[in-house]
Amino acid sequence: MEITDIKIRKIITEGRLRAVVSITVDHMLAVHDIKVVQGDERLFVAMPSRKDENGIFRDIVHPISPEARRSIEVNILEAYE
């Protein structure tokens with residue numbers, strides 16, 4: 001898997017949400033509404049989610065392995081910086 005494009009769609013200066021990002025994977029798949037969030041100790045990436053019928057937010061797109069999550073997060077945070 002290769003992230004072939006990263007677009008910082010919106011930068012936010014107030015609150016914990018810092019940016020909204022879209023990525024393209026292998027020139028074939030676009031994932032929108034990835035969030036860059038300021039956590040208590042560091043920035044992190046939150047995958048797109050939707051609220052279910054019980055009011056709980058569930059990721060609608062997510063990496064399967066910790067290595068894939070780390071790769072996505074590193075690439076997005078480097079583009080954001």
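How many residues are in the hairpin that joins E3 to E4? Four residues make the connection between E3 and E4. The legends below describe close-up views of a predicted model.

**View 1. Strands E3 and E4 are joined by a hairpin.** Strand E4 covers residues 43-46 and runs antiparallel to E3, with four bridges between the two. Val37 has Phe44 in E4 as its bridge partner. The hairpin that links E3 to E4 passes through four residues. Arg42 sits in the loop between these two strands, and its salt bridge is shown in View 5.

**View 2. Strands E2 and E3 form a hairpin.** E3 spans residues 29-38 and pairs with E2 in the antiparallel sense, over seven bridges. Two of the facing positions are shown: Val20 has Lys35 in E3 as its bridge partner, and Ala19 stands opposite Val36 in E3. Three residues lie between the strands, and Asp26 in the turn has a positive phi of about 55°.

**View 3. Strands E1 and E2 form a hairpin.** E1, residues 3-11, pairs with E2 in the antiparallel sense through seven bridges. Asp5 stands opposite Thr24 in E2. Five residues separate the strands, with Gly15 in the turn at a positive phi of about 80°. The side chain of Asp5 also meets that of Lys7 in a salt bridge, with an N to O distance of 3.0 Å. Asp5 counts as partly exposed because its relative accessibility is 30%; Lys7, at 46%, also counts as partly exposed.

**View 4. Arg18 is a buried residue of strand E2 without a salt bridge.** Strand E2 runs over residues 17-25, and seven of its nine residues are buried. Which side chain of opposite charge is nearest to Arg18? That side chain is Glu81, 8.9 Å away. A salt bridge needs a nitrogen-to-oxygen distance within 4 Å, so Arg18 and Glu81 do not form one. Beyond its neighbours within four places in sequence, Arg18 is in contact with Lys10, Ile11, Ile12, Thr13, Val36, Gln38, Leu43 and Tyr80.

**View 5. Arg42 and Glu73 form a salt bridge.** The closest N and O atoms of the two side chains are 3.2 Å apart. The pair links distant parts of the chain: Arg42 is in the loop between E3 and E4, whereas Glu73 belongs to helix H1, 31 residues apart. Arg42 counts as partly exposed because its relative accessibility is 47%. Glu73 counts as buried because its relative accessibility is 16%.

**View 6. Arg58 and Asp52 form a salt bridge.** Their closest N and O atoms are 3.2 Å apart. Arg58, at 47% relative accessibility, counts as partly exposed, whereas Asp52 is buried, with a relative accessible area of 18%. A search of the whole structure finds four salt bridges; the Arg58 and Asp52 pair is one of them.

**View 7. The largest pocket is lined by residues that include Met1, Ile23 and His62.** This pocket has a volume of about 150 Å³. Its lining also includes Val25, Leu29, Val31, Met47, Val61, Pro63, Ile64, Ala68 and Ile72. Which elements give two or more residues to the lining of the largest pocket? They are E2, E3 and helix H1 (66-80).

Definitions and conventions. Residues are numbered from 1 along each chain as its sequence is written. This is a predicted model: local features need pLDDT of at least 70, side-chain atom pairs count only at pLDDT 80 or more; totals for chains, interfaces and linings use all residues. Side-chain values use heavy atoms; hydrogens and water are left out. Buried means under 20% relative accessible area, exposed over 50%, partly exposed in between (1.4 Å probe, protein chains only). Lys and Arg count as positive and Asp and Glu as negative; His and the chain ends are not counted. Contact means heavy atoms within 4.5 Å. Two strands pair if DSSP finds at least two bridges between them. On a 1 Å grid over the protein atoms alone, a cavity is a set of points where a 1.4 Å probe fits but cannot get out, and a pocket is an open set with protein on both sides within 12 Å along at least five of seven lines; lining residues have an atom within 4 Å of a point. Grid points are joined across faces, edges and corners, and a volume is the space filled by probe spheres set on the points.
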